[in-house]
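Before this model is taken further, here are some notes on its pockets, its ligand surroundings and a handful of individual residues. Please read them beside the coordinates.

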Amino acid sequence: MYLKRLELAGFKSFGARTTLELAAGVTAIVGPNGAGKSNLADAIRWALGEPAVSRHLRGRNSAELIFNGTATRPRASLAEVILTFDNQDGALPVDYSELELTRLIYRNGQSEYRLNGTRARIGAVQQWLAQAGLGTNSYAVIGQGTVDRLIMGTPAERKILFDEASGEIGRASC
Ligand code: ATP
Ligand code: MG
């Protein structure tokens with residue numbers, strides 16, 4: 001299973017609909033300061049269920065996720081992020097070989113999810129993501145601070161991260 005495509009419309013600096021085809025094996029996105037690299041990571045985290053107002057997404061309110069306009073392009077009325085997963089290896093617990101997860105938010109704060117284009121309840125999507133190992137606490141997306149902890153931490157500190165990622169801590173305390 002891998003993230004095959006990332007599509008954004010009206011999300012943060014991506015006012016125009018933008019599609020990134022992420023061929024298997026893509027490991028880096030590079031670009032000048034302010035180009036929107038972190039906004040792409042934010043889009044992935046947000047579509048995977050991160051709350052709109054969170055330290056990770058660097059916003060103070062959900063409207064900050066929506067493209068705010070420029071001199072040449074009007075602001076967007078909603079933000080939309082679509083993650084397309086290739087599931088040919090069946091790693092995601094669904095019968096589809098490709099799965100599209102969409103998250104939308106409107107300026108009035110109303111938010112919704114879609115699975116393969118069909119509206120889905122937030123609770124059901126979060127349960128599904130947790131089963132797939134893609135939940136917000138799963139380390140499926142890790143930030144710079146966590147990478148530093150992995151590289152520079154002591155073996156004991158590293159073990160804590162590995163245990164958390166593999167679910168050992170959760171199991172041990174059950
Ligand atoms: P760096 O290399 O400095 O880390 P970066 O490529 O990670 O830069 P981002 O942080 O992803 O850049 O993008 C920052 C840009 O996104 C800023 O110019 C900011 O104004 C713009 N931006 C963020 N939110 C919005 C929004 N809601 N509407 C329009 N632009 C936005
Ligand atoms: Mg950045």
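The points below go from the pockets to the ligand and then to single residues.

1. A reminder on provenance comes first: this is a predicted model, and the values quoted in these points are computed from it.

2. The largest pocket has a volume of about 1100 Å³, and its lining is made up of 31 residues. Those that lie nearest its centre are Leu-40, Ala-41, Ile-44, Val-141 and Ile-142. Two elements, strand 1 (2-9) and helix 1 (37-47), give two or more residues each to this lining, and the largest share, 7 residues, comes from helix 1. By residue class, the lining of the largest pocket divides into 20 nonpolar, 6 polar and 5 charged residues.

3. For the second largest pocket the volume is about 280 Å³, and 16 residues line it. Nearest the centre of this second pocket lie Arg-45, His-56, Thr-136, Tyr-139 and Val-141, while the classes in its lining come to 6 nonpolar, 7 polar and 3 charged residues. Val-141 is thus named among the residues nearest the centre for the largest pocket and also for the second largest pocket.

4. Which residues are the closest to ligand 1? Ligand 1 is surrounded by 15 residues, and the closest of these are Gly-34, Lys-37, Ser-38, Asn-39 and Ile-66. Several polar backbone atoms can be checked against the ligand: a backbone N or O atom of Gly-34 lies 2.8 Å from an oxygen atom of ligand 1, a polar backbone atom of Ala-35 is 3.2 Å from an oxygen atom of the ligand, and a polar backbone atom of Lys-12 is 3.2 Å from a nitrogen atom of the ligand.

5. Lys-12 deserves a point of its own, since besides its backbone contact with a nitrogen atom of ligand 1 at 3.2 Å there is its backbone geometry to consider. Lys-12 lies in the loop between strand 1 and strand 2, and its phi is near 45°, a positive value in a residue other than glycine. Is Lys-12 buried or exposed? Its relative accessibility is 14%, so Lys-12 counts as buried, the cut-off being under 20%.

6. A positive phi of about 45° is also found at Asn-116, which is not a glycine either. Asn-116 lies in the loop between strand 5 (111-115) and strand 6 (118-120), and with a relative accessible area of 30% Asn-116 is partly exposed.

7. Leu-65 is placed in the loop between helix 1 and strand 3, and yet it is buried, with a relative accessible area of 1%. Leaving aside residues up to four places away in sequence, Leu-65 touches Gly-10, Phe-11, Lys-12, Trp-46, Ala-52, Leu-57 and Ala-79. The C-alpha atoms of Leu-65 and Phe-11 are separated by 5.7 Å, although these residues are 54 residues apart along the chain. The contact list also ties Leu-65 to Lys-12, the residue discussed above for its positive phi.

8. Thr-84 belongs to strand 3 (residues 78-86) and counts as buried at 2% relative accessibility. Its contacts, again without residues up to four places away in sequence, are Tyr-2, Leu-3, Lys-4, Arg-5, Glu-98, Leu-99 and Glu-100.

9. Thr-146, in helix 3 (residues 144-152), counts as buried at 16% relative accessibility. Beyond residues up to four places away in sequence, Thr-146 touches Tyr-139 and Leu-161, and the C-alpha atoms of Thr-146 and Leu-161, 15 residues apart along the chain, are separated by 8.9 Å. Tyr-139 is also one of the residues nearest the centre of the second largest pocket.

10. Two loop glycines close the list. Gly-31 is found in the loop between strand 2 (18-21) and helix 1 and is partly exposed, with a relative accessible area of 34%; its C-alpha atom is separated by 20 Å from that of Leu-3, 28 residues apart along the chain. Gly-167 lies in the loop between helix 4 (155-166) and helix 5 (168-173), and at a relative accessible area of 26% Gly-167 is partly exposed. The C-alpha atoms of Gly-167 and Ser-138, 29 residues apart along the chain, are separated by 8.4 Å.

Notes. Residues are numbered from 1 along each chain as its sequence is written. Chains are lettered from A and ligands numbered from 1 in the order in which they are written. This is a predicted model: local features need pLDDT of at least 70, side-chain atom pairs count only at pLDDT 80 or more; totals for chains, interfaces and linings use all residues. Side-chain values use heavy atoms; hydrogens and water are left out. On a 1 Å grid over the protein atoms alone, a cavity is a set of points where a 1.4 Å probe fits but cannot get out, and a pocket is an open set with protein on both sides within 12 Å along at least five of seven lines; lining residues have an atom within 4 Å of a point. Grid points are joined across faces, edges and corners, and a volume is the space filled by probe spheres set on the points. Helices (H or I, at least four residues) and strands (E, at least two) are DSSP runs, numbered from the N terminus. Ala, Val, Leu, Ile, Met, Phe, Trp, Tyr, Cys and Pro count as nonpolar, Asp, Glu, Lys and Arg as charged, and the others, Gly among them, as polar. Buried means under 20% relative accessible area, exposed over 50%, partly exposed in between (1.4 Å probe, protein chains only). Contact means heavy atoms within 4.5 Å. A residue is near a molecule or strand if one of its heavy atoms lies within 4 Å of it. A polar contact is a pair of N or O atoms within 3.5 Å; within protein, one must be able to donate a hydrogen and the other to accept it, and residues adjacent in sequence count only if both atoms are side-chain atoms.
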